[in-house]
Amino acid sequence: MLTHIARRFLQAIPTLWLIATLTFLLLYLAPGGPFDEEKPVAPEIKEQIEAHYGLNLPLHQQYFRFMGNLLHGELGPSYKYAGWNVDEIIRQSFPVSLELGGFALLIALVIGIPIGVFAALRHGRLSESFLMSFAMIGICLPAFVLGPLLLLVFSSALSWFNPLGWSVASDRVLPALTLGLFYAAYIARLSRSGMLDVIQQDYIRTARAKGLTESRIVNIHALRTALYPVVAYLGPAIAGLISGSFVVETIFFIPGLGQFFVNSAFNRDYTLVMGTVLFYAVLILLFNLLVDLLQMWMNPRTRND
Amino acid sequence: MPDCFLRQTTLLLLIAWTAMWDVACAKKATNVERGNASKELYIGLGTEPSGLDPHITTGLTELYVLVAFLEGLATVNAETGAIEPGVAQSWEISEDGLSYTFHFDPKARWSNGDPVTAEDFLFSFERILTPALGAPYAYMLYPMRGAEAFNKGELKDFSKVGAQALNPTTLVIELEQATPYFLSLLTHNTWWPVHPPTILKHGSITDRISKWTKPGNFVGNGPFALESWRLNSSITAQKNPYYRAPETVGLNGIHFLPIEMNAEERAFRAGHLHLTSSVPIHRIDWYRENQPEDIRFDTALGVYYYMLNTTRGALGDPRVRKALAYSINREELTEHVLKAGQQPAYHFTPPNTGGYNTVAQLPHDPELARELLAEAGFPGGEGFPTFELLYNTSESHRTIAVAIQQMWKKELGIDITLYNQEWKAYLSTREAGNFDILRAAWFGDYDDPNTFLSLGETNNGNNHTGWNSPQYDTLLKQAANTLDPEARKAIFQQAEAILLEEMPVIPIYFYVTSKLINQSVHGWYPNILDYHPYQAVTLK
Amino acid sequence: MTKQRRESAAADARSLGQDAWERLCANRMAQLGGVLFIVITLLCLIGPILSSQTSAETNLAYGAQPPSADHWFGTDDLGRDIFVRTLTGGRISIGVGFAATFVALIIGLPYGALAGYFAGRTDTIMMRFVDALYALPFTIIVVLLTTFLGRSVWLIFLAIGAVEWLTMARIVRGQTRALRKLAYIDAAKVNGVSHLKILRRHILPNCLGPIIVYTTLTIPAVILLESVLSFLGLGVQPPMSSWGVLINEGAKKIDIYPWQLIFPALFFSLTLFALNFIGDGLRDALDPKGTK
């Protein structure tokens with residue numbers, strides 16, 4: 001186990017290096033820079049600004065400078081938000097995204113798993129179709145439609161919730177629902193197919209033959225194995241939840257990292273782009289590792305490599 | 001039925017549901033209610049400001065916030081728009097108009113108690129003009145003698161620049177030439193002071209990457225002080241006890257919320273904001289019909305226009321350009337698409353800019369347009385190249401572009417393709433002159449026709465049309481040297497007539513800012529530069 | 001393989017295929033999905049011809065109006081007919097869906113197959129590269145592509161395909177890796193069959209199931225992704241529309257001009273719904289007992 005973890009850490013380093021380099025190249029190639037404004041700046045002034053940030057150096061020099069800073073753990077100042085450092089911005093906004101992602105995941109699991117399991121248990125019947133159709137709402141309605149829809153009903157019409165913000169506890173509900181329903185749909189599907197696979201397995205028939213009650217079978221034997229693909233999906237799901245929250249954050253005015261992730265690219269805020277990309281990359285690698293470990297614990301037979 | 005599992009799930013869902021109910025049913029006061037009680041204004045910004053350093057920022061969003069924290073030598077009367085004393089309580093102008101002497105208000109203080117001195121202003125002028133800072137708007141100080149030379153690195157000694165501190169409360173500024181609108185320049189953030197000890201504590205005078213603007217560090221001389229700042233969340237301001245005239249300040253605090261336009265409108269409707277920064281174009285009709293008392297339209301000093309690249313084939317022919325300009329039905333656009341009372345633009349400089357009203361007009365005449373196009377060799381639009389119209393990504397730009405594209409098709413029989421780029425890519429393309437037709441806008445930096453007409457000058461950095469006219473340049477230079485306001489306006493009339501005859505740009509409409517303002521807000525007056533000092537604002 | 005064994009293998013494959021088809025047809029939801037999708041596609045292709053309206057013509061004075069005899073789905077803010085715009089938008093969205101998925105397939109399939117087949121060092125390097133690309137900011141990539149590849153609508157599907165191929169590669173790699181350990185592959189290798197032939201004849205046909213399923217499920221994912229791109233302003237250019245553009249615009253006016261959202265969103269959702277259920281049905285049909 002430990003060697004596996006160590007190996008994954010070692011493998012992560014070249015991956016992260018590759019990500020940093022590719023992002024650097026992409027930013028270099030993208031037209032426009034962080035300091036381009038509508039009322040263009042005199043060329044001498046532009047030179048001064050670029051000198052300040054080292055943007056006038058030749059490509060390879062910029063690259064080494066940037067890499068050197070990274071190795072020292074310095075993500076640098078944001079180019080767009082004067083006075084703010086990248087790590088400051090990440091530290092301020094990541095906990096918000098994490099909370100949002102956490103609640104969304106909770107909703108996804110709480111809604112998705114029961115629907116999928118029940119649908120599997122009613123395989124072939126009409127109720128299965130209804131359940132799965134209901135689950136599909138998340139996949140068929142993108143967040144920027146679902147969000148305003150939920151807002152229209154629960155905020156405008158019923159006044160149960162604030163239309164935006166992240167201050168009161170109830171502010172978490174609608175955004176988490178908007179974000180989570182998408183993943184609920186996938187989890188419902190995976191739970192259902194996982195459950196279906198398991199139910200038809202021999203050992204379940206044996207358990208039934210032995211006379212165990214249905215719920216015991218479901219809970220103890222079937223569920224664990226059935227949820228296996230759900231666990232496998234958690235890796236990309238968590239990554240998606242945390243980095244894909246841009247739409248939800250914009251609609252609900254949530255000060256999370258997702259907005260910075262996307263807007264920094266539009267602003268050509270080179271340091272912030274780099275910082276958020278690397279941060280997310282590390283997170284994704286970490287979560288994938290955790291999920292893999294969880295899978296290994298759940299089913300020792302998948303230990304390959 | 002596996003009832004154990006069913007029971008567990010139902011229980012979980014019930015708990016979640018009850019929790020939601022508890023939380024949802026708790027009575028919450030809206031921001032507006034709370035703000036009215038505690039005299040705190042909740043204002044939407046539309047986007048997060050890029051910084052709070054008055055010498056580096058370039059946008060209106062930043063100005064909205066900075067105007068609470070800093071004050072210049074002069075201010076603007078919120079209601080009348082007239083120039084009023086700021087840090088300087090009085091001033092004298094020499095006969096030749098080249099020398100201004102400012103006498104400071106002895107009560108003028110920084111938010112840490114330090115008095116505001118003339119040396120502070122010298123320091124600030126030096127800061128923004130020093131080339132190493134790379135201040136994009138340093139040119140606003142060029143009317144000051146020697147400022148341009150210093151900023152361009154030709155003059156190295158700042159003491160030779162035309163600003164002098166006779167004593168801590170007297171500042172003398174000398175100009176290159178008589179500038180009639182000079183006092184209005186002083187209200188622009190580039191002329192505002194910064195607190196020297198604060199700047200130097202967090203870096204050198206020209207350090208861009210400095211933390212001096214962060215809460216806890218920021219020291220300003222305005223009616224409010226920076227209390228907290230959370231990116232993409234809020235900037236809060238508290239009444240500044242050291243402000244020179246605290247009795248004029250009607251609010252106790254301000255909350256700036258950088259909410260995106262559509263969410264901002266929702267926030268307003270729910271009582272989350274007193275004031276928004278704009279109104280989505282598709283909501284205007286609804287507010288007009290249902291809540292007309294909440295929506296406010298004010299003329300702004302800006303023109304929306306299409307820039308034509310005169311180096312691209314047929315666009316080099318003024319007849320073609322005029323055909324494009326004459327065939328646009330601006331009335332239809334402003335009435336049915338924009339709906340905020342925008343004025344159709346039949347000339348380039350907005351009406352009543354510094355008292356100047358353009359005489360020359362371009363007509364709305366599709367018939368004439370067709371004739372011109374035929375004359376230019378494209379009868380009925382035949383053979384007309386498919387030019388591309390580039391605009392930066394935005395719902396309203398797209399709507400207007402689509403409408404105009406259809407107008408050109410219907411009236412002239414030509415096909416124009418639309419293309420949009422996100423902001424930075426658009427700026428880059430524009431800078432490179434890599435376009436046929438480009439959507440653009442220009443907002444006056446100050447209330448004078450020069451800020452608009454100078455766009456047509458040959459060496460103007462914003463002139464990407466490839467068009468220039470030595471005659472035009474001469475006229476504008478002449479205007480710069482003319483003291484008599486009427487004579488000056490006459491010269492501008494001639495220049496603008498040339499512009500409309502050559503049509504390198506197609507003016508479309510003059511801007512109107514639309515905002516949602518809660519009825520409890522008083523003291524928010526229209527201003528063409530969208531400049532609203534917060535001292536005048538009160539909540540009832 | 002001897003001629004006999006080849007023939008019986010082919011016969012097996014055919015009967016497996018028939019078997020799968022039967023299972024698919026028995027799947028109620030997949031059937032519904034299939035019908036829905038065909039109906040919607042037909043509507044999108046033929047519908048605009050049936051209507052007297054056009055998709056680009058504006059009528060500024062008319063503005064946004066609810067459904068009426070002239071405009072079956074109502075009009076948008078510029079007076080354009082929503083019925084025609086929804087259907088022509090559907091052509092773009094569905095077209096982009098298929099095209100981008102195709103791009104993802106042609107890149108991802110060989111890439112994943114090679115990585116999974118050769119395993120070892122090659123596999124590690126190739127998949128690390130995929131991991132790295134996964135982490136890159138999608139926004140920047142699309143901005144770059146839009147700048148360099150010009151202004152056509154087809155570049156949208158290129159951009160999306162450029163992202164989707166990564167997951168496709170992963171899936172194919174996983175399948176290939178599992179299969180390469182089988183005994184008859186070793187036998188083929190020993191017999192001197194070239195790698196390419198092994199891949200073509202033995203490995204890929206056996207992966208076909210999951211690949212088909214995943215491809216079918218990628219199409220709705222692409223259509224969804226296109227709508228997110230429109231949210232960012234990076235989508236299809238006017239006067240062309242796509243469902244993504246329409247539902248983005250409509251969502252903003254959900255409380256004042258609901259018809260601008262309802263109709264495009266209905267088509268959008270039903271198409272995604274249909275394609276997802278077809279994909280699920282295919283998965284059930286082709287791989288009823290296997291685990292993922």
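**Exercise 1. Place the edges of a sheet in chain B.**

Task: Find the strand that pairs with S1(B), then work out which strands stand at the edges of the sheet.

Solution.
- Step 1. Start with the pairing. S1(B) pairs with strand S10 (residues 253-257) of chain B in the parallel sense, over five bridges. This model is predicted.
- Step 2. Fix one point in that pairing. B:Glu40 has B:Gly253 in S10(B) as its bridge partner.
- Step 3. Write the strand order. The sheet is open, has four strands and runs S1-S10-S9-S8 in chain B, with mixed pairing.
- Step 4. Read off the ends. Strand S1 (40-44) and strand S8 (224-230) of chain B each have a single partner strand, so one side of each has no neighbour in the sheet. These two strands are the edges.
- Step 5. Add the twist. From one strand to the next, the twist averages 20°.
- Step 6. Find what lies across the sheet. Helix H3 (residues 60-69) of chain B lies across S8, strand S9 (234-239) and S10 of chain B. The helix runs at about 135° to S8(B).

**Exercise 2. Follow strand S11 of chain B.**

Task: Decide whether S11(B) is largely enclosed or not, then name the strands it pairs with.

Solution.
- Step 1. Count the buried residues. Strand S11 of chain B covers residues 295-308, and eleven of its 14 residues are buried.
- Step 2. Draw the conclusion. With eleven of 14 buried, S11(B) is largely enclosed by the rest of the structure.
- Step 3. Take one partner. S11(B) and strand S16 (residues 505-516) of chain B run antiparallel and are joined by ten bridges. Here B:Ile295 stands opposite B:Leu516.
- Step 4. Take another partner. Strand S15 (residues 437-443) of chain B also pairs with S11(B) in the antiparallel sense, over seven bridges. In this pairing, B:Leu308 stands opposite B:Ile437.

**Exercise 3. Describe chain B as a whole.**

Task: Compare the radius of gyration of chain B with the globule rule.

Solution.
- Step 1. List the elements. Chain B has 17 helices and 18 strands.
- Step 2. Compare the two values. The radius of gyration of chain B is 26 Å, close to the 24 Å from the globule rule for 540 residues. Chain B is therefore as compact as a globular protein of that length.
- Step 3. Give the extent. The C-alpha trace of chain B spans about 90 × 80 × 40 Å along its principal axes.
- Step 4. Add burial. Of the 540 residues in chain B, 50% are buried.
- Step 5. Add the contacts. Among contacts in chain B with a separation of 6 or more, 68% join residues 24 or more positions apart.

**Exercise 4. Describe chain A and the largest core.**

Task: State how many helices and strands chain A has, then find the residues with the most contacts inside the largest nonpolar core.

Solution.
- Step 1. Count the elements. Chain A has 14 helices and zero strands.
- Step 2. Give the box. The C-alpha atoms of chain A fill roughly 85 × 55 × 30 Å, taken along the principal axes.
- Step 3. Add burial and contacts. Buried residues make up 53% of the 305 residues in chain A. Of its contacts with a separation of 6 or more, 72% are between residues 24 or more positions apart.
- Step 4. Turn to the core. The largest nonpolar core has 333 residues, and A:Tyr183, A:Ala184 and A:Ile187 have the most contacts inside it. H4(A) gives the largest share, 18 residues.
- Step 5. Look around one core residue. Beyond its neighbours within four places in sequence, A:Tyr183 is in contact with A:Ala104, A:Leu105, A:Ala108, A:Ala237 and A:Leu241.

**Exercise 5. Classify A:Asn85.**

Task: Decide why A:Asn85 counts as partly exposed.

Solution.
- Step 1. Locate the residue. A:Asn85 lies in the loop between helix H3 (59-71) and H4 of chain A.
- Step 2. Apply the cut-off. A buried residue needs 20 or more other C-beta atoms within 10 Å. A:Asn85 has 19, so it is partly exposed.
- Step 3. Name its contacts. Residues up to four places away aside, A:Asn85 touches A:Pro77 and A:Ser78.

**Exercise 6. Read the interfaces.**

Task: Find which element of chain A gives the most residues to the side that touches chain B.

Solution.
- Step 1. Count both sides. 48 residues of chain A are in contact with 49 residues of chain B.
- Step 2. Pick the element. H4(A) gives the most to chain A's side, with six residues.
- Step 3. Sort that side. The residues of chain A there divide into 27 nonpolar, 13 polar and eight charged.
- Step 4. Turn to chain C. 19 residues of chain C are in contact with 19 residues of chain B. The chain C side has nine nonpolar, five polar and five charged residues.

Notes
Residues are numbered from 1 along each chain as its sequence is written. Chains are lettered from A and ligands numbered from 1 in the order in which they are written. This is a predicted model: local features need pLDDT of at least 70, side-chain atom pairs count only at pLDDT 80 or more; totals for chains, interfaces and linings use all residues. Two residues are in contact if their C-beta atoms, placed from the backbone, lie within 7 Å. Ala, Val, Leu, Ile, Met, Phe, Trp, Tyr, Cys and Pro count as nonpolar, Asp, Glu, Lys and Arg as charged, and the others, Gly among them, as polar. Two strands pair if DSSP finds at least two bridges between them. Axes are lines fitted to C-alpha atoms, for helices over the stretch in contact, and angles run from 0 to 180 degrees between N-to-C directions. A nonpolar core is a set of buried Ala, Val, Leu, Ile, Met, Phe, Trp, Tyr and Cys residues joined through C-beta atoms within 7 Å. A residue is buried if 20 or more other C-beta atoms lie within 10 Å of its own, exposed if 12 or fewer, and partly exposed in between; C-beta atoms are placed from the backbone. The radius of gyration is taken over C-alpha atoms; the globule rule is 2.2 Å times the number of residues to the power 0.38.
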